Amino acid sequence: MSEQTIALVTGANKGIGYEIAVGLGALGWAVGVGARDDERRETAVEKLRAAGVDAFGVPLDVTADDSVAAAARLLAERGGLDVLVNNAAITGGHPQEPTLVSADIVRTVVETNVIGVIRVTNAMLPLLRRSSSPRIVNMSSSVGSLARQGANDGTTGPVSAAYAPSKTFLNAVTLQYVKELGDTNILINLGCPGFVATDLNGFRGIRTPAQGAAIAVHLATLPDDGPTGGYFDDNGPISW
Ligand SMILES: NC(=O)c1ccc[n+]([C@@H]2O[C@H](COP(=O)([O-])OP(=O)(O)OC[C@H]3O[C@@H](n4cnc5c(N)ncnc54)[C@H](OP(=O)(O)O)[C@@H]3O)[C@@H](O)[C@H]2O)c1
């Protein structure tokens, strides 16, 4: 591995992902800006570089095997990977009421938010295994908490048969990675950014993208004896 820590942030061209790149770049890390659209990716890389971040573009559509494999090759050529932040996600739009939602919406959301994370993680694992302090941060949401969904107390957002369950699914899949990789030095955690004003929610969120990025930066920079298999927001552990 190179001495400089290398990170990849998926969906880093805007929103919380962009601010995660800012936060990791401020540590002096090299940050791969994973983004599927060439123009949006290059604009973000230029903006980050102008702000002093050692950013580089990584063409990446998390739903496409070829794209993800090419991204892994790009990182290998660039020196490897220490920290993976699986941030890219979609809501799937509307309607999401279980009685109205289309199978296509559910399928597309799971393909991006869950299978996309599996696809990217598995492609990057050979690189992460060669790092001395590998970290995986999966951006989840408190709306994925079954405890909160079950409480039905109004804290888990609108009725959703695709987006919220996709985060529950992601949480469970993440725990399976923790089980399988428990004898490695890879720390794997889930982060919730809070309700952040981004495209994802039509900018209705009440936190800034930089505030939302803080939990991911925290989990990306855990010490070697830090937690693994946790589900956190800025206030600490979230109930599953
Ligand atoms: N905003 C909130 O209040 C909130 C709350 C809880 C959790 N989160 C989570 O935080 C993370 C970031 O959300 P955000 O609010 O910053 O959303 P956002 O502004 O909509 O950004 C989402 C990012 O994901 C990318 N993306 C979507 N599909 C992709 C694909 N197939 N391949 C590669 N990139 C893809 C988007 O790229 P394009 O520009 O190409 O579409 C964009 O860069 C997500 O995991 C979200 O679920 C957000």
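N152 is an exposed residue of this predicted model, with 8 other C-beta atoms within 10 Å, where a residue is called exposed if 12 or fewer other C-beta atoms lie within 10 Å of its own, buried if 20 or more do, and partly exposed in between, the C-beta atoms being placed from the backbone. The residue sits in the loop between α5 (146–151) and α6 (163–180), and its phi is near 50°, a positive value in a residue other than glycine. Helices in this account are DSSP runs of H or I with at least four residues, strands are runs of E with at least two, and both are numbered from the N terminus.

Most residues other than glycine have a negative phi, and most peptide bonds are trans. A second residue with a positive phi is F203, a residue other than glycine whose phi is near 60°. F203 belongs to the loop between β6 (187–191) and α7, and it counts as exposed with 10 C-beta neighbours inside 10 Å. The peptide bond that joins H94 and P95 is cis, with omega about 0°, and P95 is placed in the loop between β4 and α4 (103–128).

The numbering and the confidence limits should be kept in mind here. Residues are numbered from 1 along each chain as its sequence is written. Because the model is predicted, local features need pLDDT of at least 70 and side-chain atom pairs count only at pLDDT 80 or more, while totals for chains, interfaces and linings use all residues.

Turning to the protein as a whole, there are seven helices and eight strands. The radius of gyration is 17 Å, close to the 18 Å that the globule rule gives for 240 residues, so the protein is as compact as a globular protein of that length; the radius is taken over C-alpha atoms, and the rule is 2.2 Å times the number of residues to the power 0.38. The C-alpha trace spans about 50 × 40 × 35 Å along its principal axes, and buried residues make up 48% of the 240 residues. Of the contacts with a separation of 6 or more, 68% are between residues 24 or more positions apart, two residues being in contact if their C-beta atoms, placed from the backbone, lie within 7 Å.

Helix α1 (residues 15–25) joins the interior to the ligand shell in this description. In α1, 11 of its 11 residues are buried, among them G15, Y18, E19 and L24. The buried residues of α1 pack against β1 (6–10), β2 (30–35), α2 (38–50), β3 (54–59), β4 (83–86) and α7 (209–220). The same helix, α1, gives the most to the shell around the ligand, with three residues. There are 31 residues around the ligand, of which G11, G15, A89, S141 and T198 come nearest, a residue being near a molecule if its C-beta atom, placed from the backbone, lies within 6 Å of it. By class the shell has 13 nonpolar, 12 polar and six charged residues, with Ala, Val, Leu, Ile, Met, Phe, Trp, Tyr, Cys and Pro counted as nonpolar, Asp, Glu, Lys and Arg as charged, and the others, Gly among them, as polar.

Helix α2 has 13 residues and reaches 18 Å from its first C-alpha to its last, close to the 18 Å expected at 1.5 Å a residue, the expected span being 1.5 Å times one less than the number of residues. Its buried residues are R41, A44, V45 and L48. They cover an arc of only 100° around the axis, which puts them on the same side of α2, the arc being that of the directions from the helix axis to the C-beta atoms. On the other side of α2, E39, E46 and A50 are exposed. The cover over the buried residues of α2 includes α1, β2 and β3, and just after the helix G52 takes a positive phi of about 95°.

P209, a residue of helix α7, is partly exposed with 19 other C-beta atoms within 10 Å. Leaving aside neighbours within four places in sequence, P209 is in contact with G15, I16, Y18, E19, V196 and T198. L222, in the loop between α7 and β7 (231–233), is also partly exposed, with 17 other C-beta atoms within 10 Å. With neighbours within four places in sequence left aside, the contacts of L222 are R135, L187 and P227.
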